[in-house]
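Please open the structure in your viewer and keep the selection panel at hand, since this tour moves from one selection to the next.

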Amino acid sequence: MRWSMVRAVVKADLYRLVKTRDYWIPLLILGGIFFVGMPVILLGGIGLVEQNNVVTQIGSIVGSLPDAIQNNLQGETPTARASYAFAVYLLAPIAIIVPLTVSSAVGANSIVGERERGTGEFLAHSPLTVREIYLGKLIASLIPGYVAGVVGFGLYSLVVNIIVGPKVGGWFFPTVGWMLLVLWVVPPFIAIALSLILRLSARVRSAASAHQASSLVTLPVIVASYGVASGLLYSPVLSASIAGLIAWIIAFALLASSTGSIRRERLLGVSGDL
Amino acid sequence: MVEAMSDAISFQSVHKQFGDIVALEDVDFVAPVGSVTVLLGPNGAGKTTTVRLTTGALIGDSGAISVLGLSPITDGDEIRARVGVVPPKPAFYDQLTGWENLQFAATIFESDEASAKAAAERFGIDHALDQEVGGYSTGMRTRLALARAVVHDPEVLMLDEPTAGLDPESARAVLDLIKELAGRGSTIVMCTHLLHEAEGIADQVVLMDNGSVRAAGAPADLARSYMANPVVFIDAEDRSDLAVLSEFDGVLTVTGEGARRLEIDSTDRIPDIVVELVKRGIRPTRVEPLTPTLEDLYFEMQRHHREGS
């Protein structure tokens, strides 16, 4: 494995992505909606509630949360405690949805896109090994998702601290659970989804098919990660560490077995299984 | 296993099938080191598959291929590092500039920026390297593809329909560049279905059709094999007088309505034919021995194989 070659593939793919506005602007908007728009509306909305019956309803929702969470909630008033609960526990899955969506959008197009453009022919005749091409494509798909996740996480932290912080005695975000989620649990989930999406991208006939098929793959991963993410935040450190470790093991196993999905004949578009 | 390097490329009984479609059937040919070999044949003849098998981008079903003494099956990565390919429709990352595309090629072929710049200058595309390739014309793309293919100074250069889609002027420029490369001693394999392109470039021609090699050899040798008898065209002021030509010694066949196409047993007969015509009071206006072009040869070979089959 020549890392300089992998780096060249990654660099070319990312540079191309940065220059393709049509591609990243919608993803930027998606990230903006999930990490900024939705939290501002929801958390800001809770803060503006003054009607007694709504406050009572929110109080009952917070009261229905598990004891472990209720014990951790900060804030004196029901709306403050509800805002804290929303910020820390109920919006957690967005940390997974956005990076997964971004990475799967990039990954789905990565190999079939080479074939559709005709650049697959150049790669097929090049001295790059299929492992170098695969790894380059994987990293180039993973980076945009992860960057989206980390940047979005930063923005989300700002929004949460600005809106909810004053009600609960100061800036409190990110919590340990969120740090573990973003740094330890999200990356392997992206890798798991990408290992499946790159397999698809190598096999399908067109980018449109790849995008359709990738959504089928992404959805179960999102659902699984949603459950895991929400659960982890209840009892963060140990369970998140174990869940992350298991996800990493699964990711590595899938990635290792996916290398063979790229074959030169598939880059040329003449494989019998296309 | 390293072989003696008299042949840069050697195909022996190579067979390749895609599902039920036979792409190549028992293909045999060699491309000697430093030669220009033209794979000639109509679309679907198997030329592109031959190129892809040469670099190991595809693997044959049976037969043996040797490239620079190496096997594409076991030593594909090394072969690909020493071979340059210009595909039939050169594709690039259109959002990147010409220079960024060349840099990418230079990196993965373990070459350097100086070589990339030199290649761009050689193919006259250096002035447009800071433009995005998406805005390039077909001719510019071909020039960039040629530059990209030689960025690592390959020992073998394979050009698959390099002038496809080009205007005549650009096509001529590309062919001149290929001649220049050939003059430097590179082994060149060029696929084309355009006979005039191979003319004057080919050291040897491999005529392909339906996945098979119909004939292979130097154009002159092929001409001798397929056009054994010399041909001369004769015209006269009064064409009706030319009916007598079939009576002349050494004339094997006479065809044509206006100017006659004569197949003769030797070119030595031509002065005698002229003298005989003059003796008979016929004033010749054209006496032109035929130097067979590749086009003549191609159609003669096709006719030969049709009749043979």
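**A helix across the sheet**

Begin by selecting helix H1 of chain B, which lies across E3, E5, strand E6 (156–160), strand E7 (187–192) and E8 of chain B, and which runs at about 150° to E6(B). Keep in mind, as you look, that this is a predicted model.

Next, add helix H6 (residues 168–183) of chain B to the selection, and you will find that H6(B) lies across E3, E6 and E7 of chain B, running at about 155° to E7(B).

Now hide the helices and turn to the strands themselves: six of them form an open sheet of chain B in the order E5-E6-E7-E3-E8-E9, with mixed pairing. Strand E5 (83–86) and strand E9 (212–217) of chain B are found at the edges, where each has a single partner strand, so one side of each has no neighbour in the sheet. From one strand to the next, the twist averages 15°.

Within this sheet, select strand E3 (residues 36–40) and strand E8 (residues 204–209) of chain B, which run parallel and are joined by four bridges. Which residue of E8(B) is the bridge partner of B:Val38? The partner is B:Val205.

Finally, show both chains, and look at where 22 residues of chain B are in contact with 23 residues of chain A. On the side of chain B that touches chain A, the elements giving two or more residues are helix H1 (47–55), helix H2 (76–82) and helix H3 (98–108) of chain B, and the largest share, four residues, comes from H3(B). If you colour this side of chain B by class, it has 13 nonpolar, four polar and five charged residues.

How values were computed
Residues are numbered from 1 along each chain as its sequence is written. Chains are lettered from A and ligands numbered from 1 in the order in which they are written. This is a predicted model: local features need pLDDT of at least 70, side-chain atom pairs count only at pLDDT 80 or more; totals for chains, interfaces and linings use all residues. Two residues are in contact if their C-beta atoms, placed from the backbone, lie within 7 Å. Ala, Val, Leu, Ile, Met, Phe, Trp, Tyr, Cys and Pro count as nonpolar, Asp, Glu, Lys and Arg as charged, and the others, Gly among them, as polar. Two strands pair if DSSP finds at least two bridges between them. Axes are lines fitted to C-alpha atoms, for helices over the stretch in contact, and angles run from 0 to 180 degrees between N-to-C directions.
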